[in-house]
Structure formats: structure tokens, C-alpha cells
Amino acid sequence: MSVQDDLTAVQRCLDDLARSVGRLEKQLGTGGIEMRRVRTDANHLRESVALLRETATSPTPQRKPELVTIPDTPYDDSLWIDTDDEGLGARDRHAP
């Protein structure tokens with residue numbers, strides 16, 4: 001099965017779900033928080049599948065992340081002049 005076939009099958013199932021939720025609302029009423037939650041969740045699923053369909057139909061080229069080589073040599077000590085050690089404060093000062 002292709003991705004489009006799977007998305008179409010999911011969309012059909014969501015359409016069935018929406019119809020079933022509609023029938024439940026007629027039987028149970030729309031005032032309860034549980035029914036509103038089910039309706040909201042079903043709508044979120046429909047929106048999510050629509051977004052998934054958009055991204056599946058417009059393929060974007062996969063870019064590999066740019067790798068940065070970190071040298072094994074120690075850093076220059078002059079980078080750390082006048083800096084505080086996190087949680088310890090400055091090297092030449094004492095805690096109050």
C-alpha cells in the first residue's frame with residue numbers, strides 16, 4: 001500500500017468516526033463535557049491527518065545536518081579570563 005492509500009484509508013475511518021460521534025451527540029446530547037471532548041479530539045485527528053496529507057504530497061528534500069568538527073586540543077586559557085565558574089563565582093573572590 002502506498003502512503004496515499006494509507007492516508008485515504010485513515011480519512012475514511014475518520015469520516016466514519018465523525019458520523020458515529022454525530023449519532024452519539026443526538027442520543028446523548030451535546031451539553032456534557034465528555035461529548036465535547038470526544039468531538040474536539042475527533043476534530044483534532046482530522047486536522048492532524050490533513051496536515052500529514054499536505055506534508056506527504058509535497059516532498060521536501062532531506063537535508064543532512066551540517067557537522068561541526070570539535071578539535072581535541074585544549075582551549076586557549078585567555079578565553080576564560082574574567083569569567084565566573086557557574087555556581088562558584090569568580091576565582092579570586094570568596095562567598096559572603
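Is E25 buried or exposed? Hold that thought for a moment. This is a predicted model, so keep that in mind throughout.

Start with the overall layout. The protein has 2 helices and 2 strands. Along the sequence the order is α-α-β-β. Helix α1 covers residues 3-28. Helix α2 covers 33-57, and strand β1 is 84-85.

Now burial. The protein has 96 residues, and 9% of them count as buried. About 9000 Å² is exposed. Carbon and sulfur atoms supply 56% of that area.

Next, contacts. Take those in the protein with a separation of 6 or more. Of these, 53% come from residues 24 or more positions apart.

Back to the opening question. E25 is buried, because its relative accessible area is 18% and the cut-off for buried is under 20%. E25 sits in helix α1. What does E25 touch, once neighbours within four places in sequence are left aside? The answer is T30, M35 and R39.

R39 deserves a second look. Its side chain meets that of E25 in a salt bridge, at 2.8 Å from N to O. R39 belongs to helix α2 and E25 to helix α1, so this pair ties together parts that are 14 residues apart in sequence. The partners differ in exposure class: R39 is partly exposed, with a relative accessible area of 23%, whereas E25 is buried.

A general word on charge. Side chains of opposite charge can pair when their charged atoms come close.

How many salt bridges does the structure hold? There are 3. You have heard about R39 and E25. Another one joins R46 and D15, with 2.9 Å from N to O. Here R46 is in helix α2 and D15 is in helix α1. They are 31 residues apart, and the pair links distant parts of the chain. R46 is partly exposed, at 31% relative accessible area. D15 is partly exposed as well, at 25%.

That leaves D16 and R19. Their salt bridge has its closest N and O atoms 2.2 Å apart. Both residues lie in helix α1. They are 3 residues apart, about one turn of the helix. D16 counts as partly exposed, at 39% relative accessibility. R19 is partly exposed too, with a relative accessible area of 46%.

Let me put the salt bridges side by side, by location. R39 and E25 pair across helices α2 and α1. R46 and D15 do so too, with R46 in α2 and D15 in α1. D16 and R19 both stay in α1.

Last topic: the surface. Which residues make the nonpolar patch of about 610 Å²? They are V68, I70, Y75, L79 and W80. Take I70 as an example. I70 lies in the loop between α2 and β1. Is I70 buried or exposed? I70 is exposed, because its relative accessible area is 62% and the cut-off for exposed is over 50%.

To wrap up, two residues to click on. In helix α1 there is E25, a buried residue at 18% that forms a salt bridge with R39. In the loop between α2 and β1 there is I70, exposed at 62% and part of the nonpolar patch.

Terms used. Residues numbered from 1 in each chain as written. Predicted model: local features only at pLDDT ≥ 70, side-chain atom pairs only at ≥ 80, totals over all residues. Heavy atoms only, no water. Helix = DSSP H or I, 4+ residues; strand = E, 2+ residues; numbered from the N terminus. Buried < 20%, exposed > 50% of the residue type's maximum accessible area, 1.4 Å probe, protein only. Contact = heavy atoms within 4.5 Å. Areas by Shrake-Rupley, 256 points an atom, 1.4 Å probe, with all protein chains shown as cover. Patch = residues over 30% accessible without salt bridge, like charges linked within 9 Å, V, L, I, M, F, W, Y side chains within 5 Å. Salt bridge = Lys/Arg side-chain N within 4 Å of Asp/Glu carboxyl O.
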